[in-house]
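Subject: Structure handover

Hello,

Here is the structure I promised to pass on. Please open it first, then read my notes below.

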Amino acid sequence: MSYFPVLRHSNAEIGAYSNLKEETKKAIIPIIESRRIATSNRSKWWETFKTIGTYFKKTFEDREFIYDFRQAFDFIGSPNNQLLSDKGVDLVSYCSQKFKEQGLNYIPAFHFDSADWYVEAIAKSNPDKIAVRIRCWSFDEVLDSIIFDRVDTIIKKYFDNAVKKFIIIDFFDKISNATRIESAVEVFTKLQNATPIICLSSCPANADKAKPMTFNKIAPRSDFATYLKLKQKHRSLLYSDYTVRLTPEPDEGKKIKQENTYLKVFYTTSDSYMVGKSTLIKDNGIETFVKVCNEIILSKAYNGKNFSDGDKAIHDGAHRKIVIKSHNKLIEYGISHHIEFTINYFRQNSLVLREV
């Protein structure tokens with residue numbers, strides 16, 4: 001595996017994974033960001049995760065995935081504050097037990113600044129593989145060496161016996177400073193017996209810059225180009241990105257009037273991110289998106305209906321075999337195409353999808 005797409009624990013993004021080709025599922029290790037606990041459910045947070053084991057068993061079967069618990073706290077406060085269930089169990093231990101009960105092949109992730117309780121809860125599960133996520137976009141270069149020492153200390157103290165350690169060097173969408181990225185990679189690839197992964201994105205957070213009733217380039221795919229350049233020097237460096245879904249679902253409690261939104265799908269090419277966008281839904285957007293789908297399948301960028309689940313949906317939408325009107329489904333289609341396209345590039349360019 002050379003590709004580690006970041007996916008959120010949401011129906012659209014897990015749905016995109018579920019509909020990938022079987023050979024593609026075997027060629028990736030997704031980084032799953034936790035479902036977020038609603039403020040209204042804080043006192044009974046465990047209800048959010050009570051079926052996580054069976055849900056992920058159906059999704060991943062015996063395939064590997066990395067699970068990042070940090071995002072569970074997005075609405076309810078800092079992950080430094082330990083949450084306990086009605087049985088006195090913390091969130092990490094609670095989910096880990098659910099995974100263990102189903103025999104899931106999961107890799108727990110912690111962050112460079114994770115609280116002691118968080119790291120210790122992971123350590124208690126005795127994982128044979130672990131991941132640490134270093135959010136380089138959140139601190140200055142002068143702190144690299146200090147954070148390196150902290151991560152190195154944590155790994156040696158708690159996870160020295162893990163047979164595999166993944167170091168996720170995460171730049172989110174802050175990738176304009178090539179020198180900063182190179183410096184961080186130089187530092188964190190020095191962690192002993194660790195597999196480095198660079199994680200970044202140049203995909204826009206939304207389609208606001210795209211004009212209605214068009215299918216056009218919206219941004220260069222400089223994230224993947226940056227990786228390919230880094231890999232020339234750092235041969236062991238693996239790749240992660242945020243697919244075409246940079247931001248999660250809207251903030252809690254935010255209400256969106258669907259009639260004032262557009263139907264849009266992100267479409268990845270070798271050197272760019274493209275967007276197909278309808279008129280507003282209230283201005284016959286469902287019908288005009290049929291025309292957009294036709295424009296996509298007639299373009300040179302289109303990879304054919306058999307390329308991915310997303311490509312088939314776009315083809316079927318253009319030929320009115322299905323009615324596309326769900327924003328979540330369009331997210332799913334864009335992610336599906338993106339992952340298949342990325343893996344296909346690895347294969348065609350002999351970037352070996354080796355076992356890690």
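**The cavity**

Seven nonpolar residues, one polar residue and no charged residues make up the lining of the largest cavity. Here Ala, Val, Leu, Ile, Met, Phe, Trp, Tyr, Cys and Pro count as nonpolar, Asp, Glu, Lys and Arg as charged, and the others, Gly among them, as polar. The lining residues are Ile286, Phe289, Val290, Cys293, Gly317, Ile322, Val323 and Ile324. Helix α9 (residues 285–297) gives the most, with four residues. The space inside is about 40 Å³. A search of the whole structure finds one cavity of 30 Å³ or more.

Some terms. On a 1 Å grid over the protein atoms alone, a cavity is a set of points where a 1.4 Å probe fits but cannot get out. A pocket is an open set with protein on both sides within 12 Å along at least five of seven lines. Lining residues have an atom within 4 Å of a point. Points are joined across faces, edges and corners, and a volume is the space filled by probe spheres set on them.

**How to read the model**

This is a predicted model, in which local features need pLDDT of at least 70 and side-chain atom pairs count only at pLDDT 80 or more, while totals for chains, interfaces and linings use all residues. Residues are numbered from 1 along each chain as its sequence is written, and side-chain values use heavy atoms, with hydrogens and water left out.

**The second largest pocket**

This pocket has a volume of about 330 Å³. It is lined by 18 residues, and the closest to its centre are Ser96, Lys100, Tyr106, Ser125 and Pro127. By class, the lining has seven nonpolar, six polar and five charged residues. Helix α4 (91–101) supplies the largest share, five residues. α4, β4 and α5 each give at least two.

**The two sheets**

Helices (H or I, at least four residues) and strands (E, at least two) are DSSP runs, numbered from the N terminus. Two strands pair if DSSP finds at least two bridges between them.

One open sheet has eight strands, with parallel pairing, in the order β1-β2-β3-β4-β5-β6-β7-β9. Its edge strands are β1 (6–8) and β9 (238–241), each pairing on one side only. The twist averages 30 degrees from one strand to the next. Axes are lines fitted to C-alpha atoms, for helices over the stretch in contact, and angles run from 0 to 180 degrees between N-to-C directions. Contact means heavy atoms within 4.5 Å.

Look at β6 (residues 164–170) and β7 (residues 195–200): five parallel bridges join them. Isoleucine 167 has proline 196 in β7 as its bridge partner. Helices lie across this part of the fold too. α3 (residues 52–60) lies across β2 (31–33) and β3 (65–68), at about 150 degrees to β3. α5 (residues 116–124) lies across β3 and β4 (106–111), at about 160 degrees to β4.

The other open sheet has three strands, ordered β8-β11-β10, with antiparallel pairing. β8 (214–220) and β10 are at the edges with a single partner strand each, so one side of each has no neighbour in the sheet. Here the twist averages 25 degrees from one strand to the next. Six antiparallel bridges pair β8 with β11 (residues 272–280). Lysine 217 stands opposite methionine 274 in β11.

**Salt bridges**

The count is 20 salt bridges, each a side-chain nitrogen of Lys or Arg within 4 Å of a carboxyl oxygen of Asp or Glu. One joins glutamate 13 and arginine 245 (3.8 Å, N to O). Glutamate 13 is in helix α1 (residues 11–18) and arginine 245 in the loop between β9 and β10 (262–268), 232 residues apart.

Best wishes
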